[in-house]
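Visitor: I am new to this structure. Please pick one part, look at it closely, and then work outwards from there.

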Amino acid sequence: MREIRALIDGVWHGRLDETAAVRRALASARGFHGQVTADGASGFKAEPGRYHLYASYACPWAHRTIIYRKLKRLEHVVGMSVLHPRWATPDGWRFGDGDLATVDHVAGRRFLHEVYRAARPDYTGRVTVPVLWDRGADTIVNNDSSEIMRMLNSAFDEWGDATVDFYPSAKRADIDALNAWLIPTVCSGVYRAGFATSQDEYDRAAVALFAALDELERRLSRQPYLSGERLTESDWHLFATLCRFDAVYHGALRCNRRRLVDYPALSAYARRVHDAPGVAATVKLDHVKRHYYDAIGEIDPTIVPLGPAVDYTTIASDSMHDGNDPFLAEVLDFHRGLERWLKGDVTDRDAALARLTDALAEDFVVVHPDGKRDGKTGVLRNFAAAFGEKPARYRLEIRDVTLRRFDAGFCLVTYVESHPGEAGRTRISTALLRRHPTSGLVEWLSLQETRLADDAMRHGRGDSTSPAVAWTPLSCSIPR
Ligand SMILES: N[C@@H](CCC(=O)N[C@@H](CS)C(=O)NCC(=O)O)C(=O)O
């Protein structure tokens with residue numbers, strides 16, 4: 001059974017079995033929902049120096065409030081103490097005084113659960129960040145990030161930047177509607193997937209999460225921000241999730257069908273938001289990684305993740321051949337050399353044969369259209385026999401070349417090869433190659449050739465007139 005940390009009736013439990021009864025007790029926890037307002041009618045009047053934010057750079061919920069404090073220029077109005085990202089200890093969130101945490105600037109407490117108990121001695125609930133503390137009343141005003149964001153957005157405008165408004169009245173209905181879908185599906189969705197306690201629970205959360213990311217990709221390829229031309233509250237909800245996605249959600253929380261970088265519009269959007277003045281300083285991936293990999297013990301190790309769904313044709317950054325690729329030039333050179341050799345267009349027959357024997361370093365099998373197979377010896381014998389068929393004038397054209405590069409140095413090369421004047425000799429060749437990491441030789445791992453009717457190619461139709469001839473595996477160096 002999973003162990004969690006929580007306060008139950010004011011008693012701190014650093015290692016608590018998450019029984020059904022514990023789940024029920026925590027689900028009914030009320031939390032803190034006081035409101036700071038400019039006029040103080042709520043009992044919490046906005047004043048400089050009175051309120052204090054307890055936050056963590058690791059936590060996306062707290063990150064949103066840190067961004068607001070920064071972008072609304074409230075750093076001198078609302079204080080802040082930073083909790084240490086290592087959280088999966090029996091103490092839960094704790095203060096510190098090193099690189100990754102600060103002391104508790106309000107009361108010098110050591111742990112966040114002490115802050116909660118100071119506010120409500122019989123508190124029941126998880127001890128979470130962010131927390132907005134009232135120094136005047138010595139209590140927690142609020143521990144809900146969405147509500148704290150709204151307060152920071154407008155209650156302190158007398159001292160902060162009143163021109164910055166992430167919840168403009170004209171857009172409120174849109175923002176609320178968007179948040180109602182975005183927060184549970186995406187922002188909490190990564191947690192529902194990551195901390196699922198059954199495969200079914202994980203599958204549902206992860207499928208919904210990636211469907212939502214697909215939808216967001218479509219939306220953000222049409223407009224710069226979620227609500228149109230301007231940054232609004234919903235963007236901060238989304239950004240805090242996206243900037244963690246590839247660093248931790250993809251790996252630690254198994255949200256791995258795709259990475260953020262696999263979504264062109266979403267990743268351009270994340271960079272755009274990140275580049276807004278002040279934001280970059282709030283993104284601290286060292287805190288983020290420390291925190292999530294610390295929590296990994298809470299993740300069910302038996303859950304099988306959805307992904308990765310790697311589409312090798314789309315991750316290639318240089319998928320189309322630009323005409324100057326040295327690797328490709330080497331590959332095509334070899335192909336031309338082989339063809340020349342086949343056609344007997346060489347002066348020293350024995351040297352050419354020796355070079356080819358060297359080149360075809362490992363054994364391989366050629367499967368002919370009729371299903372007959374040839375090993376290396378047979379192929380060389382056929383090649384040698386072909387010497388007698390040397391045409392009057394040897395010509396070879398290679399065109400429509402594409403090169404796709406994959407991870408670990410693998411490349412897929414396709415090209416149309418034709419021999420003008422020789423009917424039935426037009427072929428599409430598809431070769432899987434790589435440069436051997438230690439020998440540096442280009443290895444032909446497999447070659448598949450599909451013969452085409454010459455007139456079909458001339459008319460742009462790539463109809464195959466014969467089954468593929470597959471050579472596999474074929475490993476050889478490229479003769480110079
Ligand atoms: N509803 C809260 C959720 C905050 C939250 O879940 N914070 C996490 C860190 S990312 C936390 O402090 N978890 C501690 C725990 O659950 O024990 C909010 O939006 O402010």
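Guide: In strand β7, L132 is the bridge partner of L53. Strands (E, at least two residues) and helices (H or I, at least four) are DSSP runs numbered from the N terminus. The model is predicted, and local features are described where pLDDT is at least 70, with side-chain atom pairs counted only at pLDDT 80 or more, while totals for chains, interfaces and linings use all residues. Residue numbers start from 1 along each chain as its sequence is written.

L53 and L132 belong to a longer pairing: β5 (residues 51-55) and β7 (residues 131-134) run in the antiparallel sense over four bridges. Two strands are said to pair if DSSP finds at least two bridges between them. L132 also stands opposite N142, in β8. The pairing of β7 with β8 is antiparallel too, and it covers three bridges. These two strands form a hairpin with four residues between them, and D138 in that turn has a positive phi of about 50°. Most residues other than glycine have a negative phi, and most peptide bonds are trans. Another positive phi, near 50°, is found at D9, in the loop between β1 (3-8) and β2 (11-17).

The sheet itself is open and has four strands in the order β6-β5-β7-β8, with mixed pairing. β6 (79-82) and β8 (139-142) are at its edges with a single partner strand each, so one side of each has no neighbour in the sheet. From one strand to the next the twist averages 35°. Helix α2 (residues 60-71) packs on this sheet and touches β5 and β6 (a contact is two C-beta atoms, placed from the backbone, within 7 Å). The direction of α2 makes about 140° with that of β5 (angles run from 0 to 180 degrees between N-to-C directions, and axes are lines fitted to C-alpha atoms, for helices over the stretch in contact).

P130 lies in the loop between α3 (112-119) and β7. The peptide bond that joins V129 to P130 is cis, with omega near 0°. V129 and P130 are among the residues around the ligand, as are R5, C59, W61, R126, V127, T128, N143, D144, S145 and S146 (near means a C-beta atom, placed from the backbone, within 6 Å). This shell divides into five nonpolar, four polar and three charged residues (Ala, Val, Leu, Ile, Met, Phe, Trp, Tyr, Cys and Pro are nonpolar, Asp, Glu, Lys and Arg charged, the others, with Gly, polar).

Helix α8 has two helix contacts to note. The axes of α5 (residues 172-187) and α8 come within 9 Å and cross at roughly 10°. That makes α5 roughly parallel to α8, because angles under 35 degrees count as such (over 145 is roughly antiparallel, 65 to 115 roughly perpendicular, the rest oblique). The contact includes I175, L178 and L182 of α5 and H237, L238 and T241 of α8. By class, it has seven nonpolar, four polar and one charged residues.

α8 (residues 233-249) also packs on α10 (residues 285-294), at an angle of about 50° and with axes 10 Å apart. α8 is therefore oblique to α10. R244, A247 and V248 of α8 meet L285, V288, K289 and Y292 of α10. Five of the contact residues are nonpolar, none are polar and two are charged.
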